[in-house]
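Grab the model and work through the exercises below one at a time. Try each task yourself before reading its solution.

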Amino acid sequence: MKILLLGSGAREHALARALASDPATTELVVAPGNPGTAAIATNLLIDPTAPEEVVELATQMGADLVVVGPEAPLVAGVADTLRQAGIPTFGPGAEASRLEGSKAFAKEVMAAVGVPTAEVAVCTTREELEVALDRFGAPHVVKDDGLAAGKGVVVTSERAAALEHGLACLAKEGGRVVVEDYLDGPEVSLFCVCDGATVRPLAPAQDFKRLGDGDAGPNTGGMGSYTPLTWAPEDLSEQVVREIAQPVVDELARRGTPFTGLLYCGLALTSKGLRVVEFNVRFGDPETQAVLARLTSSLPELLHAAATGHLADTPGPTWSQQAAVDVVLAAPGYPGTVTTGGVITGVEAAEAVEGVHVLHAGTGLSDDGDLVATGGRVLSIVALGDDVAQARQRAYEAVSRLHLDGAQYRTDIAAGR
């Protein structure tokens, strides 16, 4: 199977690693990729959000499958153009991608099929925003209605900070802001592979969204993750498919915009029961890095079955009994103004720790051939162990062997689990 993978982050490095190591894969091209994917696949520099460029590349290489990593190409309609060209594609079309592209659309779909979620107000003016903040009270949950790479949400007890974020969202072109009731309880990420009709859940994981230890500081794209969740209900995946993912997939099919790809269910296990925090329409970062580390069945065969409508005839994924912990190393300044260009050393030493592999995200090569930081989240350090505690110990041993001036990372990923 010849596979084209779109994207350049640690999520795509994790996907590339799982795809490249499988005997079903005969050729893997990553566009645009990063120095990590270059070691296991062919990197080609194209714009993954330009449908014509993607179709041209997929056609040239005779791709049997295109896997879309990030959300921006999906919202731009890349999957639609690929499917129109007859190329099997793992990723929803632009209309179904509105589940992530518009928080308001996601709420409307959930309401149509009775999916449990937070009460919400969609605001387009300062007056509506202020009324909603006062109505729901603190803690305030304020979300940019559009794509924000995981950084468009503010949860704060300070009304002034909530108002400031909301006004910044409204100031954008076509700005809308979503204010929600606060959901208590631990959060869980569950990825569901979908072919427009059938839904197959992957292993649940938990990510850590805030920058600092103890969930302090600003929201980020995610600073780490782990799986399995031994504290979660044993039937959680089945419940999510039954009450959330399947009804949503059925509703989108009913509307004539079938969902083929990865439905990411962001969930809160609240005192009042299971609630949806958000939907995304692609593999989540950093949870993917931990989840795929435990996958023992074929990823290319699973994704190809979804892309071609054959999930119902395909066995579900299988998992290692081991645990996986992923710790993100971020550049100075992240998630604000990031300092790039710093030299990264110690990757080989980190990977010498038993059970550890290092995934590249915001990395590049300098003119001198040094590995340097080029973005906010720089590396994902993933460790497997017999349990979460062992995986965690190995991950942090590996982190201690890496060096990047001013690097940031949390020291409490998967602590106490």
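**Exercise 1. Find what flanks helix H12, and decide whether H12 is enclosed or open.**

This is a predicted model, so a local feature needs a pLDDT of at least 70 to be listed here.

Step 1: go just past the end of the helix. H12 is followed by Gly-309, and the phi of Gly-309 is positive, near 80 degrees.

Step 2: look at the other end. Ser-298 caps the N-terminal end of H12, with a side-chain oxygen 3.2 Å from the backbone nitrogen of Glu-301.

Step 3: check burial along the helix. The buried residues of H12 are Leu-299, Pro-300, Leu-302, Leu-303, Ala-305, Ala-306 and Ala-307. That is seven of the nine residues in 299–307, so H12 is largely enclosed by the rest of the structure.

**Exercise 2. Work out how H1 sits against H12, and which residues meet.**

Step 1: get the geometry. H1 and H12 pack at an angle of about 105 degrees, and their axes are 7 Å apart. Since angles of 65 to 115 degrees count as roughly perpendicular, that is the label for H1 against H12.

Step 2: list the contact. From H1 come Leu-15, Ala-18 and Leu-19; from H12 they meet Leu-299, Pro-300 and Leu-303.

Step 3: sort those residues by class. The contact of H1 with H12 has six nonpolar residues, with no polar and no charged ones.

Step 4: check burial in H1. Nine of its eleven residues are buried, so H1 is also largely enclosed by the rest of the structure. The buried set isn't limited to the contact residues: Arg-11, Glu-12 and His-13 are among them.

**Exercise 3. Trace the five-stranded open sheet, then place the helices that lie on it.**

Step 1: write down the strand order. It reads S12-S15-S18-S22-S19, with antiparallel pairing.

Step 2: find the edges. S12 (206–207) and S19 (356–360) each have a single partner strand, so one side of each is left without a neighbour in the sheet.

Step 3: zoom in on one pair. S15 (residues 224–227) and S18 (residues 323–330) pair in the antiparallel sense over four bridges. To find your register, use Gly-224, which stands opposite Val-327 in S18.

Step 4: add the helices. H1 (residues 10–20) lies across S19 and S22 (377–385), running at about 125 degrees to S19. H14 (residues 388–399) packs on the sheet as well, touching S15, S18, S19 and S22, and its direction makes about 140 degrees with that of S22.

**Exercise 4. Describe the surroundings of strand S7.**

Step 1: name the partners. S7 is joined antiparallel to S8 (residues 153–156) by four bridges. Four bridges also join S7 to S9 (residues 177–180), again antiparallel.

Step 2: pick a marker for each pairing. Lys-143 stands opposite Val-153 in S8, while Val-142 stands opposite Val-179 in S9.

Step 3: sort the side chains by direction. His-140, Val-142 and Asp-144 point one way, Val-141 and Lys-143 point the other way, and all are buried.

Step 4: conclude. With five of the five residues in 140–144 buried, S7 is largely enclosed by the rest of the structure, and that's why you won't find an exposed face on it.

**Exercise 5. Hunt for unusual backbone geometry.**

Step 1: recall the background. Most residues other than glycine have a negative phi, and most peptide bonds are trans.

Step 2: look for cis bonds. One joins Asp-285 and Pro-286, with omega about 25 degrees. Pro-286 is found in the loop between S17 (273–280) and H11 (287–293). Another cis bond runs from Tyr-334 to Pro-335, with omega near 5 degrees. Pro-335 lies in the loop between S18 and H13 (347–351).

Step 3: look for positive phi outside glycine. Asp-215 has a phi near 60 degrees, and its place is the loop between S13 (210–212) and S14 (216–219). Ala-414 has a phi of about 65 degrees, and its place is the segment after H14.

Step 4: are these two residues buried or exposed? Asp-215 is partly exposed, with a relative accessible area of 46%. Ala-414, at 2% relative accessibility, counts as buried.

Terms used. Residues are numbered from 1 along each chain as its sequence is written. Side-chain values use heavy atoms; hydrogens and water are left out. Buried means under 20% relative accessible area, exposed over 50%, partly exposed in between (1.4 Å probe, protein chains only). Helices (H or I, at least four residues) and strands (E, at least two) are DSSP runs, numbered from the N terminus. A polar contact is a pair of N or O atoms within 3.5 Å; within protein, one must be able to donate a hydrogen and the other to accept it, and residues adjacent in sequence count only if both atoms are side-chain atoms. Two strands pair if DSSP finds at least two bridges between them. Contact means heavy atoms within 4.5 Å. Axes are lines fitted to C-alpha atoms, for helices over the stretch in contact, and angles run from 0 to 180 degrees between N-to-C directions. Angles under 35 degrees count as roughly parallel, over 145 as roughly antiparallel, 65 to 115 as roughly perpendicular and the rest as oblique. Ala, Val, Leu, Ile, Met, Phe, Trp, Tyr, Cys and Pro count as nonpolar, Asp, Glu, Lys and Arg as charged, and the others, Gly among them, as polar.
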